[in-house]
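Student: I'd like a close look at one part of this model, the aromatic contacts, with a bit of the surroundings for context. Could you walk me through it in one go?

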Amino acid sequence: MTILIIEDEPLVAKNIEKLVRELHPNALLHGPLASVENALKWFDEHPEPDLILADIQLADGVSFDIFQERTLHCPIIFTTAYDEYAIRAFKLNSIDYLLKPIDKQELTTSFDKFQRWQKTTSTDFFPSQLRDLLNDLKPHSQKKYKHRFTAHHQRSVVAVADVRIAYFVRDEVIWLVTTDHQRLITDYQSLDEIEELLDPVQFVRANRQYIVRKEAIESYRTHYSGKIELVLSVPSKDEIVISKDRAASFRVWFEE
């Protein structure tokens, strides 16, 4: 079995290689490839592998770009540092995914799926599933995002324009905090629901508790651990920390 690893974090790649060798010592591993550019070059020079383990966020873009450029017939297991909205699309399209840090038991389950698919699926299954996934994740410019959100202020329902939003925070319920320091309760059930409505150019899912607007971020600090702490123009009661695994993609987003 040949397996291609696409991952731009050296320590994560090393861990994936270790787990794969423990589970399939006879597998032939290729990579890790750290960028979209390197992956496209690799596919130009090598036959298609039996299986791909691909991180979503890479050094120069997202791995979806690779699969839009190359038509592949092999299954892909996506990995990601955070349970973002796209993962629901992976589930719907029967393409497996793993959340970092990669768990050996979850990787075992993914390999079990791969072996079942080898026996039961047609050669057209994965290309069609991947096409469906990519269609679900069209470029941001083709998707309409919500620009006004309703919230409760005293006994009234008010509409808040996205440009007035500093961040959303989950604290038992979902709160909307404005640039003028108002803290308003919303009727949303989860940040996942809100995240799908927001323009990802303007808003970032910092962690499981916060979604933050770019214009509300005054600066950020990098911890010795590699994590990032945000400094907002509207202070929050918690430290808003972005994990080490997502730090590189955050820096790219923040500088755009």
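Student: To start with Phe250: does that residue count as buried or exposed, and at what relative accessibility?

Tutor: Keep in mind that this is a predicted model. Phe250 comes out at 3% relative accessibility, and since anything under 20% is called buried, Phe250 counts as buried.

Now for its partner. The ring centres of Tyr220 and Phe250 are 5.4 Å apart and the planes meet at 80°, so this pair is edge-to-face. Tyr220 belongs to strand E15 (residues 217-222), while Phe250 belongs to helix H8 (residues 244-255), so the pair ties together parts that are 30 residues apart in sequence. Unlike buried Phe250, Tyr220 is partly exposed, with a relative accessible area of 24%.

These two rings have company: Tyr220, Phe250, Trp253 and Phe254 form one aromatic cluster. Trp253 also has a charged visitor, as Lys214 lies over its face at 4.7 Å from the ring centre. A similar arrangement turns up with Arg183, whose charged end sits over the ring of Trp175, 4.5 Å from the ring centre.

Searching the whole structure gives nine aromatic pairs. Another one of them joins Phe149 and Phe168: their centres are 5.4 Å apart and their planes are at 65°, so that pair is edge-to-face. Here two strands are involved, with Phe149 in E8 (residues 148-153) and Phe168 in E10 (residues 165-171), so the pair ties together parts 19 residues apart in sequence. Phe149 and Phe168 are both buried.

Moving on to the surroundings, take helix H1 (residues 10-23). H1 has 14 residues and spans 20 Å from first C-alpha to last, close to the 20 Å expected at 1.5 Å a residue. Its buried residues are Val12, Ala13, Ile16, Leu19 and Val20. Looking down the axis of H1, the buried residues fall within an arc of 130°, so they line one face of the helix. The general geometry helps here: an α-helix has 3.6 residues a turn, so residues three or four places apart point the same way. Pro10, Leu11 and Lys14, on the other side of H1, are exposed.

Two more buried spots are worth a click. Ile66 sits in helix H3 (residues 64-69) and is buried, with a relative accessible area of 0%. Setting aside residues up to four places away in sequence, Ile66 touches Ile6, Val36, Ala39, Leu40, Phe43 and Leu58. If you want a C-alpha distance to check, Ile66 and Asn38 are 28 residues apart along the chain, with their C-alpha atoms separated by 9.7 Å. Then there's Ser63, in the loop between strand E5 (61-62) and H3. Ser63 is buried too, with a relative accessible area of 0%. Beyond its neighbours within four places in sequence, Ser63 is in contact with Ala54, Asp55, Ile56, Leu58 and Phe78. Leu58 is thus on the contact lists of both Ile66 and Ser63.

Zooming out, the chain has eight helices and 17 strands. Of its 256 residues, 44% are buried. Among the contacts with a separation of 6 or more, 54% are between residues 24 or more positions apart. As for the surface, the chain exposes about 13,700 Å², and carbon and sulfur atoms supply 48% of that area.

Conventions
Residues numbered from 1 in each chain as written. Predicted model: local features only at pLDDT ≥ 70, side-chain atom pairs only at ≥ 80, totals over all residues. Heavy atoms only, no water. Phe/Tyr/Trp six-rings, centres within 6.5 Å; stacked < 30°, edge-to-face > 60°. Helix = DSSP H or I, 4+ residues; strand = E, 2+ residues; numbered from the N terminus. Buried < 20%, exposed > 50% of the residue type's maximum accessible area, 1.4 Å probe, protein only. Lys NZ or Arg CZ within 6 Å of the ring centre and 35° of its normal. Expected span 1.5 Å × (residues − 1). Arc of directions from axis to C-beta. Contact = heavy atoms within 4.5 Å. Areas by Shrake-Rupley, 256 points an atom, 1.4 Å probe, with all protein chains shown as cover.
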